[in-house]
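Open the model in your viewer and set it to cartoon. Keep a selection box ready. The stops below say what to pick and what is there.

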Amino acid sequence: MTVRIALATSAEHPDLHEHDLPLVTALRTAGLEPVAELWTDPSVDWSSYDAVLLRSVWDYHTRYLEFTEWLGQLDKAGVRVLNDSALVRWNADKSYLLELRERGVAIVPSQVAAGDCLREVVGGLSGREIVIKPTVSASALHTVRGLAGSEQLSRAMDDLPDAVYLVQPFQPEIQTDGEWSLMYFGGAYSHAVVKRPVAGDYRVQHEFGGSVELADPSPAILSGAIAALTAAGAATAPYARVDGIVSNGRFLLMELELIEPYLFLPDHPAAYQHLTQSVVSALN
């Protein structure tokens, strides 16, 4: 019997992102029947699928409540989600970083605050360059950087929507050495890239002009990434992306991407097969 798998995507990419098209071919070659489906389409019969693989659901953070309700519907219908729906829920809020810190993972220093407490936290960092980002966000949405205590940052904070925020000291290594992204499939390391912002910026995303290049991580970086995955209970997740920087020779976790990460598959074409094999193993 053919295993049907829904590749969940968003309205912006109804036929999947173009970089996922080779994945469709690889899944078919492996004997699966992949079908692109909009996660927001109420007409989809998700129970007709053996599993749902989250791919370009890149609008989930702007429809967070709807997204978690949808995951609940899949759970109720007994449809398996890759990655596991409980892991996805946990990973959707960046306050998980504080949990991982308590479990011994080296993270970029982070505080969580909301409302009036946000200005109190920022006030306590006066004179330091910081970054403020929502705990539920992606692609640098509602993210601001500035000097704590400055009028300029205070004005920027005035424009932030009412939400819970992560407050972190700015990491200059992002501009000098770049940010690492390491890809894992079924717990096995696949490849890594270093992302760099354009001169004068701190955002590494391509929509802000960031660049990417394949790179070979050191044993210390690999060890830090595995430590983060293990502490998160994601050591054998079908797919994972570990983002971080190296500061004073130590890998510091910035984010653990377990929901819909861009996996830089075209940069390392063998990874299409790595992900396919991981999905097949998970379903078996």
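How many bridges join strand S12 to S13? Select residues 240-247 for strand S12, then add S13: seven bridges join them, and the two run antiparallel. Strands here are DSSP runs (E, at least two residues) and helices are DSSP runs (H or I, at least four), numbered from the N terminus. Two strands pair if DSSP finds at least two bridges between them.

Before going on, note that this is a predicted model, in which local features need pLDDT of at least 70, side-chain atom pairs count only at pLDDT 80 or more, and totals for chains, interfaces and linings use all residues. Residues are numbered from 1 along each chain as its sequence is written, and side-chain values use heavy atoms, with hydrogens and water left out.

**The hairpin**

Stay on S12 and S13. They form a hairpin with two residues between them. Click Asn248 in the turn: its phi is positive, about 55 degrees. Next, pick Val246 and look across to Phe251 in S13, which stands opposite. Now select S13 (residues 250-257) alone. Seven of its eight residues are buried, so the rest of the structure largely encloses this strand. Buried means under 20% relative accessible area, exposed over 50%, and partly exposed in between (1.4 Å probe, protein chains only).

**Domains**

Colour by domain. The assignment, automatic or from a database, gives domain 1 (3-92), domain 2 (95-107 + 173-270) and domain 3 (111-170). Domain 1 and domain 2 have C-alpha centres 23 Å apart. Their contact takes 16 residues from domain 1 and 19 residues from domain 2. Contact means heavy atoms within 4.5 Å.

**Strand S1 and its partners**

Select residues 3-9, strand S1. Five of its seven residues are buried, so S1 is mostly covered. Add strand S2 (residues 32-38): S1 and S2 pair in the parallel sense over seven bridges. Ala6 stands opposite Val35 in S2. Follow the chain from S1 through helix H1 (residues 21-29) to S2; this β-α-β crossover is right-handed. That is, with the strands pointing away from the viewer, the path from the first strand over the helix to the second runs clockwise.

Now add strand S3 (residues 51-54). S1 also pairs with S3 in the parallel sense, over four bridges. Here Ala8 stands opposite Leu54.

**Thr9**

Is Thr9 buried or exposed? Thr9 has 0% relative accessibility and counts as buried. Show its side chain: a polar atom there lies 2.6 Å from the backbone oxygen of His13. Beyond neighbours within four places in sequence, Thr9 is in contact with residues including Pro14, Leu16, Trp39 and Val57.

**The four-stranded sheet**

Move to the open sheet with the order S5-S8-S6-S7 and antiparallel pairing. Its edge strands are S5 (111-114) and S7 (144-147), each pairing on one side only. The twist averages 30 degrees from one strand to the next. Select S5 with strand S8 (residues 164-169): four bridges pair them. Gln111 has Val167 in S8 as its bridge partner.

Add helix H5 (residues 116-123), which packs on the sheet and touches S5, strand S6 (129-134) and S8. Its direction makes about 140 degrees with that of S5. Axes are lines fitted to C-alpha atoms, for helices over the stretch in contact, and angles run from 0 to 180 degrees between N-to-C directions. Finish on helix H6 (residues 151-158), which lies across S6 and S7 and runs at about 155 degrees to S7.

Technical notes: A polar contact is a pair of N or O atoms within 3.5 Å; within protein, one must be able to donate a hydrogen and the other to accept it, and residues adjacent in sequence count only if both atoms are side-chain atoms.
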